[in-house]
Structures are given as structure tokens and as C-alpha cells.
Amino acid sequence: MTDLEYPWAEHPEPGTTLEVAPGVRWLTMPMGGSLNHINLYLLEDRDGWWVVDTGLPLPDVSALWETVFERELGGRPVIGVICTHMHPDHVGQSHYITERFHCPLYMTRAEYYQARAFSGGGNNYGNWVARDFYVRAGMPAAYLDELRRQWEKRSSDGMSMPQMPAGYQRLEHGDVLDIGGQTWQVVVGSGHSPEHACLYCPALKVLLSGDQILPIITSNVSVHPTEPEANPLKDWMESHDRLLKLPPDLLVLPAHNLPFYGVRERLRELISHHEDRMLAIEEHCVTPATAKELLPVLFARELDPRQMMMALGEAIAHLHLLMHKNRIERRLDEDGHYRFRSIDPDLARRSHPDRHDAPSDGPMLV
Ligand SMILES: [Zn+2]
């Protein structure tokens, strides 16, 4: 792994904030699972504060926000909420905060409408579209029942989609926000979510990277049944190529793990990680395989049904980019499963079996 530089060794205590650049404060909110936290940021303006990302839709998180409002904002209000993307750990408290202060929510259009579409249970798995998707990936039909049971449990851990604010203000790539006399540019990436907004302040040399660039964990890049032929890893790799044009000496403030220096090193590492995963899959597919059969190439341990869903989504994302690059082909067999086979005549020259990155422990669930 590349050596990145981490100016702070610890996260701020819940309910407190830490100034990480002039007018930029860092706080964390709790999450379940191995990740256990999300980083959120406050930007100071003349009349109040902007909140960047909001935490899971759980009562404990709302209570922690009240502590922050009371002790950390100098008696001034929140005047805007920016959500980098539509995942529940980012938008979970957006309704609570915008109702509390009657302030606007800012998001990109694709993120806002996807959040609206999936809130209220719009993303359920009891339909033929999802069944076809998972059976083609190599799963037995009974897996869908198990997945549905898992999905019904999600609201208790805050991972279901929350109610969203009734309206929003649109952010687009290239927009510039004036906050407290500083200009923040909206930099859009894609792949982890459809139209993810990062915020870049050239004067402060700070990038709020959301889940688009994380220093330690690898963001989930998945194909989902709602768009079974999607190619999100292509979007992800192209976004990383574009983000490499950012200045190398930025302080990156990510949504998970710790703030860091070394944006280009990390982007290159992520690009080569996915290239390595694709080559490992390609080598494996000399013998035709289903997406399910490829999971041990990517993940080291047994997966529960929800992890399995995320892991399959990631495997299929790699397969779709390989198909797009004409390195593998796909065939629908009589058993209803897709099988993937390597077709690039250059594979023997490029391959290096037994020299790949070790499989990941499990898929990322955010
Ligand atoms: Zn996310």
C-alpha cells in the first residue's frame, strides 16, 4: 500500500468538532458494522454554517446533531445542507436538519432523484427483475427470499433509505459556491453512485471527497438489478483519471477513514487495484464461470446474504468492464446462468497468475 500522510491520528469525539482548515470543521457520526463511523464536515459562512453529509437516519444521530448545534456553532444556524451522494449514511439526516432550520438541501440531480426513488421501500427485491438478475449471476432462486428477509431488517440498523426533503437545489459539475468568502468548486465523479459531488477549494487546497476517494477502504462499485446492464466501473475508472488532474498537495477530507495527503498516489493505487482484479478474473475465466463462482477471486471469506449481494454487484461491475474492453464474452446457458469466458488472445502474455493482490476480506457495505 502507498504511504499516505495522515495529519490527525484520531477521529473527533462524537458531538464535538475539530477545525481542519480555516472555516472547515470535521465531525463524526456513528455507524454499525466494521466501519463504525462516517465523517461529516461544517463550512463556516457569514450568517451560519453549511453541513456536508449528514449521517444515518437513526434517533441517536439526530440527538448528536442537537449537541453539535448547541455547542459547536457559536449560536448560529445551519443555512444549507450539501449531500455528496444518495447513500443513507450521507442523506440520512438531511430531512431532519433541513426541517429543523428550514434551510435548503443541495445535491446533484441524479443523486437527489435516486434517493427519492428508493426512499419508502422503492428498492425491494421481490420481483422478476431482481430474480432474473440474481439467477443469471449464478444464484439459486431461494436466495431472493433470504435477501428479502435481510432487506426487511435494514431499517433497524439505519441502512434503509430515509424520507428525503421535499425539494432541493441542484448542483452540477463546475458550479462554484461562495461560502464564507471562499470559492468551492463542485467536482462530479461517478461509479460508486451516479453523480457524486466532491467539493474543492483551490485557495485552501482542500477536497471534500465524500465516498469518491477514500484512503483505506475501497468504495463499493456495483451493478444492481435496477440497471442490470450498467457499467459503473467504467465510470469509476474514468472519474479517477479526471481526478488525477487535481493538484497533488491537497488535504483530502473523506467520508470514511482519516483525512490525508496523497490524492494522486491513492487514485493510482485504486486504479491499479481494479486493473489487478480484472486481470485475476480474466485468468480465472479461461474456464467459463458465473459471477458467483468468481467471488473467491475477489473475496476471502464466507459472505452473508447482504454481503453476497454487494459482492455479486462488484464482481458483475468488473465483468461488465471486461466485456466492454472485449476481454471476455458472456453466454446465457440453459440453466439460466450467465457464464463468462476470456477471449483476448493477448491474455497469455499479460497474465501473471499467483501474483495478484490478496482477495479482500469482504465487500464494502457503504
Ligand atoms: Zn456511499
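Colleague: What makes strand β14 and strand β15 a pair?
Modeller: Two strands pair if DSSP finds at least two bridges between them. Strand β14 (residues 328-332) and strand β15 (residues 338-342) have 5 bridges, in the antiparallel sense. They therefore count as paired. Glu 329 stands opposite Arg 341 in β15. The hairpin has 5 residues between its strands, and Gly 336 takes a positive phi near 85 degrees there.

Colleague: What kind of model is this, and how are residues numbered?
Modeller: The model is predicted: local features need pLDDT of at least 70, side-chain atom pairs count only at pLDDT 80 or more, and totals for chains, interfaces and linings use all residues. Numbering starts from 1 along each chain, as its sequence is written.

Colleague: Why is α7 called a helix, and what is its span?
Modeller: Helices are DSSP runs of H or I with at least four residues, strands are runs of E with at least two, and both are numbered from the N terminus. Helix α7 (residues 232-243) has 12 residues. The expected span is 1.5 Å times one less than the number of residues. For α7 that is 16 Å, and the reach from first C-alpha to last is close to it, at 16 Å.

Colleague: What span should α8 have, and what does the model give?
Modeller: Helix α8 has 22 residues, which should span 32 Å at 1.5 Å a residue. Its end C-alpha atoms are 32 Å apart, so the two agree.

Colleague: Why is Met 29 called buried or exposed?
Modeller: Count the other C-beta atoms, placed from the backbone, within 10 Å of a residue's own: 20 or more means buried, 12 or fewer means exposed, and in between means partly exposed. Met 29 has 24 such neighbours, so it counts as buried. Met 29 sits in strand β2 (residues 24-30).

Colleague: Which residues does Met 29 touch?
Modeller: Contact means C-beta atoms, placed from the backbone, within 7 Å. Leaving out residues up to four places away in sequence, Met 29 touches Pro 14, His 37, Ile 38, Leu 40, Gly 55, Leu 56, Val 61 and Leu 64. Pro 12 is 17 residues away along the chain, with 9.6 Å between its C-alpha and that of Met 29.

Colleague: Which residues of α7 are buried, and where do they point?
Modeller: They are Pro 232, Leu 233, Asp 235, Trp 236, Ser 239 and Leu 243. Seen down the axis, they fall within an arc of 155 degrees, so they line one face of the helix. The arc is that of directions from the helix axis to the C-beta atoms. Their cover includes β9 (182-189), α8 (263-284) and α10 (305-324). Helix α8 has buried residues too, among them Val 263, Leu 270 and Ile 281.

Colleague: What makes β1 and β7 edge strands?
Modeller: The open sheet of 7 strands runs β1-β2-β3-β4-β5-β6-β7, with mixed pairing. β1 (18-21) and β7 (169-171) each pair on one side only. The twist averages 30 degrees from one strand to the next.

Colleague: How do you know that β6 and β7 pair?
Modeller: Strand β6 (residues 105-108) and β7 share 3 bridges, in the parallel sense. Tyr 106 has Gln 169 in β7 as its bridge partner. Helix α4 (residues 109-118) packs on the sheet, touching β6 and β7, and its direction makes about 105 degrees with that of β6. Such angles run from 0 to 180 degrees between N-to-C directions, with axes fitted to C-alpha atoms, for helices over the stretch in contact.

Colleague: How many bridges join β12 and β13?
Modeller: Strand β12 (residues 251-254) and β13 pair over 2 bridges, in the antiparallel sense. Leu 251 stands opposite Tyr 261 in β13.

Colleague: What is notable about phi at Asn 257 and Asp 53?
Modeller: Most residues other than glycine have a negative phi. Phi of Asn 257 is positive, near 70 degrees. Asp 53 also has a positive phi, near 70 degrees. Asn 257 lies in the loop between β12 and β13. It has 17 C-beta neighbours inside 10 Å, so it counts as partly exposed. Asp 53 lies in the loop between β4 (49-52) and α1 (59-72). With 25 other C-beta atoms within 10 Å, Asp 53 is buried.

Colleague: Where do the domains lie along the chain?
Modeller: Domain 1 is 18-123 + 162-271, and domain 2 is 275-350. The bounds come from an automatic or database domain assignment. The C-alpha centres of domain 1 and domain 2 lie 31 Å apart. Their contact takes 10 residues from domain 1 and 10 residues from domain 2. On the side of domain 1 that touches domain 2, the largest share, 3 residues, comes from α7.

Methods. Contact = placed C-beta atoms within 7 Å.
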